[in-house]
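Biologist: Could you take me through one part of this protein in detail? I would love a close look at the salt bridges and the helices that carry them, with enough of the surroundings to find my way.

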Amino acid sequence: VMLRMGENTVAYDERFRLYLTTRLPNPAYSPETAMKVCLLNFFITPAGLEEQLLAKLVARERRDLEEMKTMLTQSRASMTQEQNNLQLTILELLQQEEGDILEQEQLVETLEASRTKSAEIAAKVEEQRTAEA
């Protein structure tokens with residue numbers, strides 16, 4: 001396999017590792033990025049280290065479970081984003097409305113849909129937490 005780095009083409013070596021460091025005390029990465037890289041926090045607790053080591057062992061021994069965990073994490077992230085979008089929509093509608101908000105059909109329908117969707121998302125997140133444990 002050949003890789004292009006800038007203007008140069010180089011051969012890929014399976015033993016190649018790239019280490020990046022940051023001075024940020026708490027860097028934020030998307031769930032997709034966090035699942036593809038190994039993050040090492042030097043301020044880690046013994047429980048956190050145990051969890052990371054267990055994840056590495058599961059990834060090596062039971063790849064199917066690791067793939068399921070990755071899928072659940074991505075699903076949870078998308079549901080959380082969907083819930084945030086619903087909240088933003090409600091806030092925008094509340095900001096735009098004038099007069100009695102109970103008379104605004106679109107706002108009431110959006111609130112009802114949001115309540116239903118939030119309950120569904122909460123149930124799915126709880127199911128996923130149970131499945132991950």
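**Salt bridges and their surroundings**

Modeller: Gladly! Counting by the distance rule for charged side chains, there are five salt bridges. Please keep in mind that this is a predicted model. The mean pLDDT of the protein is 81, and 95% of its residues reach 70 or more. Confidence is lowest in helix H1 (residues 31-36), at a mean of 79, while strand S2 (residues 8-11) has the highest, at 89.

Let us begin with Lys117, which takes part in a salt bridge with Glu82; their closest N and O atoms are 3.4 Å apart. This pair links distant parts of the chain, since Lys117 belongs to helix H4 and Glu82 to helix H3, 35 residues apart. Lys117 has a relative accessible area of 24%, so it is partly exposed. Glu82 is partly exposed too, because its relative accessible area is 34%; the class covers values from 20% to 50%.

Lys117 also has a salt bridge with Glu120, where the closest N and O atoms are 3.7 Å apart. Here both partners sit in helix H4, and because they are three residues apart, about one helical turn separates them. Glu120, with a relative accessible area of 38%, is again partly exposed. Through shared partners, the salt bridges join Glu82, Lys117 and Glu120 into one network.

Now for the helices themselves. Helix H4 covers residues 105-132 and includes Ser114. Ser114 has a relative accessible area of 8%, so it is buried. Leaving aside residues up to four places away in sequence, Ser114 touches Leu86 and Ile90. Ile90 is itself one of the buried residues of H3, a list that also holds Glu66, Leu72, Thr73, Met79 and Leu93.

You can check the length of helix H3 (residues 63-96) with a little reasoning: at 1.5 Å a residue, its 34 residues should span 50 Å, and its end C-alpha atoms are 50 Å apart, so the two agree. Gln95 is also found in helix H3. With 68% relative accessibility, Gln95 counts as exposed, because the cut-off for that class is over 50%. From Gln95 to Val58 there are 37 residues in sequence and 48 Å in space, C-alpha to C-alpha.

Another of the salt bridges joins Arg15 and Asp13, with the closest N and O atoms 3.0 Å apart. Arg15 is exposed, because its relative accessible area is 69%. Asp13 has a relative accessible area of 33%, so it is partly exposed.

One last stop is a nonpolar surface patch of about 870 Å², made by Val1, Leu3, Met5, Val10, Tyr12, Phe16, Leu18 and Leu20. Leu20, for one, lies in the loop between S2 and H1. At 74% relative accessibility, Leu20 counts as exposed.

To find your way back on screen, start from Lys117 and look for its two partners, Glu82 and Glu120. Then move to Ser114 in helix H4 and pick out Leu86 and Ile90, which Ser114 touches.

Conventions. Residues numbered from 1 in each chain as written. Predicted model: local features only at pLDDT ≥ 70, side-chain atom pairs only at ≥ 80, totals over all residues. Heavy atoms only, no water. pLDDT = per-residue confidence, 0-100. Helix = DSSP H or I, 4+ residues; strand = E, 2+ residues; numbered from the N terminus. Expected span 1.5 Å × (residues − 1). Buried < 20%, exposed > 50% of the residue type's maximum accessible area, 1.4 Å probe, protein only. Patch = residues over 30% accessible without salt bridge, like charges linked within 9 Å, V, L, I, M, F, W, Y side chains within 5 Å. Areas by Shrake-Rupley, 256 points an atom, 1.4 Å probe, with all protein chains shown as cover. Salt bridge = Lys/Arg side-chain N within 4 Å of Asp/Glu carboxyl O. Contact = heavy atoms within 4.5 Å.
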